[in-house]
Structures are given as C-alpha cells and as structure tokens.
Amino acid sequence: MSKKEKTKVDSTLLQRIKKGCLWIVLILVAVIQIFPLIWLVDFSLASSTEMFTNGLLIIPEKIQWGNYVTAFVDGHFLLYLKNSILINGLAVILVVLISIMAAYACRRMRWKLSGLVKTILLLGMMIPIHATLLPNYKIYNTIGLTDTLWALLIPYVAFSLPQGLFLMTGFIDSIPWELEEAAVMDGCGIYRIVFQIITPMLKPSIATVAIMTFLNNWNEFMMASTYLSSEKWKTLPFSVLEFTGQYSSNYAVQFAVMALTAAPAVIVYIILNKHITKGVAMGAVKG
Amino acid sequence: MKKLYSNKWVIFSLVLPGILVFVFAILAPICLSVYYGFTDYSGMGEANFIGLENYKNLMHDSSFGRALLNSLLLAIGFICIQHPLAIVTAAVLDKLGGRAEGFFRCVYFIPNVISVAVIAYLWKFIYNPDFGLLNNILKAFGYEGKINWFSPQMAIWSVLIVLIWHGFGWGMLIYYTGIKNIDPVLYEAASIDGADWKTTFFRITLPLMKPVIQINVTMAIISALKQMETVYLLTGGGPGDTTQFAANYLYQQAFKAFKYGYGNAIGVVFILICILVTVGLNKIFQNKDID
Amino acid sequence: MKKKLMASILAAAMAVSMMTGCGDTKDATADAAADTKTESAGATEAADAANAADDSASGEEVTIKLFSNLPDRKNGQGLVEQTLIDEYMLENPNVTIEVEALDEESYKTKFKAYAMDGMPDVVSIWGQPSFLDEVLDAGVLAELNESDYADYSFVSGSLEGFKKDGKLYGLPRNTDIMVFYYNEKMFTDNGWEVPQTYDDLLALADEINAAGIVPVAMDGGDGWVLACYMQDLMVRLAQTPSDKIANAIANGDFSDPLFTEASQLLADTAAAGVFQTGFDSQDYGTAQNLFTNGQAAMFYMGSWETSMALNEDIPEDVRNNIRVFVMPAVEGGSATATDLAAWNGGGYGVSADSEVKDEAIKFLNFMYQPDKLSKYGWEFGVGLSAQDQTSYLTGDETELQLQVMDLLKNATNISGTPINDCGSSSFKTTIETEIQSLANGSETAEDFLAALGEACK
C-alpha cells in the first residue's frame, strides 16, 4: 500500500515536469506559427519609416489607422470580398450538388459504366491544376469567358469535384438501403429520393465537402490573376498584389492591406474553429 | 424497383453535370495542351507543327531538370522535417486536454487559412536581409552579419520553411485526428503494463497511425510536385533557377518567353509525371481506396 | 457606383487644381464644368450640359480600355497618365476609359497573354525588339499615321524603335537614362564624394559599407536592371556597344572581349559588396525603399524615378536631397562622362482589332499633344519625355529634374536599346535569369556568355 503511494507521489512530480515540457513545446510552436502575423499587424499600424528600426516589435509613435482606411478604400476591399464570397459560395453549392448527384448515380444506380465513370471523374485529383492554365486561357479567350465569373467558377468546381465525389461516395455507401426501399414503395422518383431523402442525411458530409472546397479555393490566386482583368470579378488576394505596385514606397499601407486581406478568413476560422477542424479532419483522413 | 434504378435517362441526367465539368475544364484543356505541345506556337500568329521537337528540347532543358529536383528536395523536406514535427506536436497536444488543447489546435491552423498572396509577401519582408524580421531576431541574439536567405544555396530551403510553416497546421490536424481515433483502451493497457511514453509512442501510436501517415506522405509528395503559387510570388523561381518548379516554369515559358507551344509540352510532361507519381505511390502503399 | 463617384470627384478636383496651377484661360469652360461636377457629384448630366458646346461630344457612349504598366496612380508617371485620362473624360463625357494597371513584370506577362486573343484598346508598349518584334509580326497593333505627328515635336530618332518596315505602330513616352541616385546630405555628412572613376565607386562602397549603410540599392530580382547596369558598363568601355551587341545576338557569339570585360566587372562589383545583401532576389520596391528610407546611399535606376523628389510618401530629408550621377569612367574605357546609357523605351500603342480603334487613336493623339504628356510629365517631376520639353520650363523644377535634363542636354552619345531588349523575348528571359546567377557568383562570366550565345540559336 505504502509503496504504491510513493510511486504516486513520484509520478505526480514527474507528471508535472512532463506537463511543463509539453507546455513549453506547444507554446514554442504556437509562437512560431503566430508571431509573423503579430509582426504584420504591428507594423501595419506604424508609419512606413518605422519599419526600418531594429526592434522585433515596435510601439508606433502614433497609431496610423489611416493605413487601414487607405487599404480599405483603395484596395476595393468590399468589392473583392463580395466577389470572393460570391464565387466561392457558388463553387461550394455546385460542387456539393454535382458530387451528390454523381455519387448517387455511381453507387446506387445500376448501370455497366458506373465504375468507369467514377474513376474518370476521380482522375481530376491527379491532374495538376496549373498545367491547365495555358490551354484554359486559350479556351476561355476564344469563347469569351475571360474576365467573367465563369472563368474562375468552372475550374474551381472542376478541381474540387473529384474530392467532393470521393467523399460523397463513401458517405452514400454508409446509408442503409432500407430507407430508399420504403420511399420507392411510396412511389417516390429517383430525383425525390436523391434530393429529399439522401441529401438531408448527408448533412455532415456536405459540411465537410463545403469546407474543403472553400479552403481550397478561397485563397486561390494564380487562375484569378490569369483569367481576370477588370476589377469587376477580382477576388480578395488581388488587393495585396495591386498594392505592392500602387504603394510601392509605402510599406505600412502594404502591411495594412495584407492584414485586411487575411482578416475575413481568420475571423471566420476562429468563430467556426470546431466545425472547420472537424470538417478538415474528416475530409483529409478519408480523402 | 430495379427498373427505377436502371433508368438510363435518370442516370444520364445525374452524371451529366459532372461529366460536362470534367470534359470542359480538364479533358479539353489537356487535349489542347497535347496539340499545342507539338507546335512552335508563340502565343500569337501562326502555329506550325514541329513534331516532337519540343519534347526533345525538354529532355535536355536544365531548368526543367532543376524544377523536378526542387520538387524532390521539397518532398524530402516535408517528409523529414514537417511531418515528424507535426506527429510529435499532435501526440503532445493529444495529452493536454481541456480548453488549452482547442486553443493550440486553433492557433496552429491559422496560417493555413491565409491567402498565399499574403503569406508570400509577408515572408518576403521577414526574409529581407536589411530590415526583415529574421535577421532582426538574429541581431537580438547578438549576431551581427546580414544573412542572405535567398542566396542560391539557401533559397530553396527558405522557400521550404515558408511552405512548412504555412502547411504545418494541416498536417498536424490530420495526425491529431488519427491519434484521437486510436482506441484509448490500448493506452490504458499500455500504462498498466508499465510502458513509458516512448514505448507507447513507438509501439502504439506510430503503428496505428500508419494509414494516416501514408496519406499524408502521399499528399506531401504531390503538393511538392504541384508547387507554384508561393514560389511565383516569393522568388519567381530565382535567383537564377534555383527555386524553379515545373508549374512556374511552364507559365514563364508560355507568357514571358513567348513559347506557348513549349510551355504546353512542359504541361503535358508535368501531367504525366503527376499521374505516374500518384499511381506509383498508391501502388507502394497498396491504397485500395481509389478503386 | 460609389467608386465611380469617388473617381469623378477626384478627377474634377485634380483638373481644377491643375488649371489653377498653370492658369490657362482657354480651359475656363472646362473649369466651370469641373466645378459643376464637384458640386452635383454623380449627376453626370450637369457635366454633359456644360460640355454640350464641345463638338467632340458625339453623344455615342464609348468605352476605351487602357492597359497600363503604371500601377501607382498617385505619383509620377502614373499620375500623369491618370490626370490625362480624367481630363479627356471630362472633355468627352461620352467616353469612359477603364484602366487596368500592373507593375512592369506582371504587365509584360499579361500583355503576352492578351496578345493571343484580343487586347485592350490602348496599351503600354516598349519600342524594343525583345518586346515589339513578335508583337508586330503577329499584327496585333494598329498602324499609326506618322505624318499626323509632325507637329508633336518628338525628339529625332525617338520613333524608330516603334517602326517596322517604315510603318509606325506606337509612340514613345520617355527618354530614359540610367543613373545613380544618391542622397546628397548623407554624402556630405559623411564626407563622401561623387565617384569620378569606377575604382572610386568601389572604394566609396567600402567606406559606405564600413559605416553600416548599403552602398547601392539594386533591384536585382528583376534581371533587367542588372542588364541595364551591364549595358552602362559596356558604354563606358566601348562608347557605342550597340553594333557589337547586334552582331553577337545575330551570330549567337559573345566572345568579344567587351562582353567578357563588362560581365566580369559586374560580377566583381557585386562580389565587392557594392549592392545590398540578397540584391538578386529583391524587387523594385524593396530596393527603392532601402534608398528612400536612408538605408542605402545610392540607388541605380532609370531617370523615370526623378519624381521621387516630389513623392510625399518619401521622408522629407531624403526626398529633398536626392541627386544623380552617371556611371563613372571605367579604366581603359574609351567613353567620356557624357556618353549615356539611354534610350526611348516605353510608350503607347493601339490594338489593331480594337472595336473603338478610332476613338482609341483619338485619345492617344490627345495624350501626345505637346502640352499634355510632356508638359504634365515635366510639372509632376517625372523626368524626360520623348518630346521637346524646353518650352515648359516653369522655374519650379526640382534640382533633380534640372540635373537629369542637363545630363541629356550635354549628352554626346546615346547607347540605344539595352542588351537584354535587343534580342527575342526568349533571349530576354534567358539573359535576365542568367545575369542573376552571374551577379551572385554562382556562374562564371564565361558560362554566362556561353548561355547567352546558346539562347540566340
């Protein structure tokens, strides 16, 4: 009895040290991950000349909120944010819809080519998205899609679809047949089964697919910069690029626009942190 | 019932949108790439058919070789640096519990949701030898010299650090989920047997994580191969071609050097390499998930 | 809508301030129109009415798309361009000009993408083979009528780069000279002197380095500045290197000692620490900011940056003390200080298949009226245009401007197109990548020149 007690004391001490080490490691990693962002925000509130000091962080002589005003107005923040939300929102809806339909057709319907079609659609996962930049540019130009919403929407949907389909087929497989059988008895058509019975049951997986699609495309930049030219449809990452030219001699404003561009995603992430974490984990482990 | 489930028109209507998107956004451009890959099209004017000329040139194009080598270096960097760190952090985080666990998990993932455009420019400043954060930190520790983080020897590693930093949260999260999925009974059994954390980690955690590790390693290699945006914005492939990557190179060739045909030839080879590597990795790991 | 409103207010305000600035009487009506517009901002009808008398307003709505390499619309050349656009839209209320502006490197990339199918109506172009040859071969630019510009007082020879087979396809905007900008106050405070010979420059660089300051801020991330530097050295060595360059590119043979000497000198200069650490990966903005924030004593760039002297974002004690000198004499070189690395590079052209070609050319001609681009450029301190500017001297010029003007006035020799722009665009890509490797020491001069020769084949 007493021996057991002694080990207990020992182990609590040991545990404390261990716990302390754990904390140090975790905090260190956290600092590495987050410090550059703090640095960014810090200097975005200073004046440009204060950049050239030696300190790691500075206390600005006067907090320059004006940097953010400039970034907000000249960076077309609201317009680009609206575009980003619109394009990504549409992409998410389309990916979810198309992947549910295709997944259902490939897993539940009876036809010879179902396996082949699914494999072909999944092929997209292996294709490097940037290899299609050149030919797609040519195609969109020829049919007049450059500088329109479609120029981004089509590739965004196309390259998120394989993953969406992959996840959806997995989830659909796990839905018991019995539910559908009952519906068929009641005289439901396939479309009603897909959209009124299956889709509601897929809610968690829809969330996963939506989150993955959103994360993949929200920050996409290469295609946006190649296919778009006027401000009308430009997305958020553009402000940063425009500002490095427009305000090449004003670093503080460049920092402000970077912080501002990063803000919406970071804020949404912090609010929805639990759901997003779950979604990513589910999507990534399965996909 | 059977009839209902084999109605050709219904099937057709359900898969049609997916097929259309695939054909229009993936298949058609690839076919066009194959076509232009056989021409000397500059981007304007006439395209002349030149057979395999582009592919022959590509065989001894040292920049393209360098791009592939860089992808390999990057993949090794991911696997040898990012992933061990991520697994260990995930294992440590798993032991923490409570609110702090959620807090750290959240913090680690934040860089991941930020646009590459922001990340690349931010790191340009961080790396600046004269007023960048990194050299300022070194100065705070008493180091007086100015380190050139983008010297030809270091540039690729500097790019790697940015990518590791940016993608750390993602990798960590997946390992973390994997660890969470391990049956706690196993750990209890281990602690009853008197196993210390080391034994537990190497005997239980790692082996059970094998499928997760395989997925993560596959993804790391493929993302190393597909790398473009960070490099495009951070170094543009330079200095020289020390940080060149295939995607960036084909973009440069087509839109900077007026070699649209050649750029497409690179694209075709690039796609083939990606497919081969993906299939190869799946074979190696005998991943039967993709049927 | 809100943005348009802002833009029109801004335009009006600008027009007003400018007109009071130069006190031209004939613009009185436009002035009135501008005022009306400011008051009833957004109500374009008011402006329309005020301009009804103006015969240029045909009433038909026209949109001209302008693709520009000047993203900074509030300073320098970009401000000049924007001012002209706003003025033109005021005078022609039926015309809307949409601007897409990217920095030079992105601009050139996107221009090539545009050239494939359908370009914007008015575009920035460069009258140099690397840029224009392929573009003209593809016939994407509209021919201009040269005789129209007889009265535009273009500096003689400045149109040549924009011609093919005797036909004119574009108009030059600037005369560019490569110079070292230096901070005069920093020089006097430290007792440094403007170098007379290249050895002086190297010695000075050591001194400056010892003081913990960067000697020359160099935009080495974009290979073209390094190539201009090499061009500058070749001018110092051989006075008129253009024939040798043309020959070398035509034959793919860079074995002439001139090239070896110049590239070796560039490599040695970089190795001696004249440029900032990591110059080969830093962009234009970074290099410039080192200089404008007092971190570097000199900045090697073209004369278009003369407008730094008027840029409010630059701290005052730097802004007011910027002066220039040209590449100092190189030992054994045959050139004198008045032989310059200079050329007429940038300009504008009109897309051949523009749907509003006539309107676009009209706008182009408006910009080039002698009292527009040149005059505003001069007033905004932009440096040298490709047109005769002597009649616009106001007496308010910055010291920097006068210095640059004197340089050109006293020039005995002008180098013409720099080496990187003399070949095909593929040659340009090669030299601009390879020259980084040369400058950072990862490639020898021999290998560098061999690679150049290879790229010409």
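Me: What makes S3(C) a strand with both faces covered?

Reply: Val122(C), Ser124(C) and Trp126(C) lie on one side and Val123(C) and Ile125(C) on the other, and each of these residues is buried. A residue counts as buried if 20 or more other C-beta atoms, placed from the backbone, lie within 10 Å of its own, as exposed if 12 or fewer do, and as partly exposed in between. Five of the five residues of S3(C) meet the cut-off for burial, and the strand is therefore mostly covered. In a regular strand the side chains alternate between the two faces of the sheet.

Me: What kind of model is this, and how are its residues and chains labelled?

Reply: This is a predicted model, in which local features need pLDDT of at least 70 and side-chain atom pairs count only at pLDDT 80 or more, while totals for chains, interfaces and linings use all residues. Residues are numbered from 1 along each chain as its sequence is written, and chains are lettered from A and ligands numbered from 1 in the order in which they are written.

Me: How do you know that S1 and S3 of chain C pair?

Reply: Two strands pair if DSSP finds at least two bridges between them; strands are DSSP runs of E with at least two residues, helices are runs of H or I with at least four, and both are numbered from the N terminus. Strand S1 (residues 62-68) and strand S3 (residues 122-126) of chain C are joined by two bridges in the parallel sense, and therefore they pair. Phe67(C) stands opposite Val123(C), and Leu66(C) stands opposite Val122(C). S3(C) also pairs with S13(C), here in the antiparallel sense over five bridges; in S13(C), Gly349(C) is the bridge partner of Val123(C).

Me: Why are S2 and S6 of chain C called edge strands?

Reply: The strands of this open, mixed sheet of five follow the order S2-S1-S3-S13-S6 in chain C. Strand S2 (95-101) and strand S6 (171-172) each pair on one side only, and this makes them the edges. Helix H4 (residues 76-91) of chain C packs on the sheet, touching S1 and S2, and its direction makes about 160 degrees with that of S2(C). Helix H14 (residues 357-368) of chain C lies across S1, S2, S3, S6 and S13, running at about 155 degrees to S13(C). Such angles run from 0 to 180 degrees between N-to-C directions, with axes fitted to C-alpha atoms, for helices over the stretch in contact.

Me: How do you know which residues belong to the contact of H4(B) with H11(B)?

Reply: Two residues are in contact if their C-beta atoms, placed from the backbone, lie within 7 Å. Helix H4 (residues 62-96) and helix H11 (residues 210-226) of chain B pack at about 145 degrees, with axes 8 Å apart. Among the residues making the contact are Leu74(B) and Phe78(B) of H4(B), and Val217(B) and Ile221(B) of H11(B). The contact divides into nine nonpolar, three polar and no charged residues. Here Ala, Val, Leu, Ile, Met, Phe, Trp, Tyr, Cys and Pro count as nonpolar, Asp, Glu, Lys and Arg as charged, and the others, Gly among them, as polar.

Me: What makes up the side of chain C that touches chain B?

Reply: In this contact, 27 residues of chain C meet 26 residues of chain B. The largest share of the chain C side, six residues, comes from H17(C). That side divides into seven nonpolar, 16 polar and four charged residues. For the contact between chains B and A, chain B gives 73 residues and chain A gives 69. The chain B side there divides into 54 nonpolar, 13 polar and six charged.

Me: Why is His76(A) called partly exposed?

Reply: His76(A) has 18 other C-beta atoms within 10 Å, a count between the two cut-offs, and therefore it is partly exposed. His76(A) is found in the loop between helix H2 (66-74) and helix H3 (77-107) of chain A. Although not a glycine, His76(A) has a positive phi of about 50 degrees. Most residues other than glycine have a negative phi.

Me: How is Gln239(C) classed, and what is its phi?

Reply: Gln239(C) has 15 C-beta neighbours inside 10 Å and therefore counts as partly exposed. Its phi is positive, about 65 degrees, although Gln239(C) is not a glycine.
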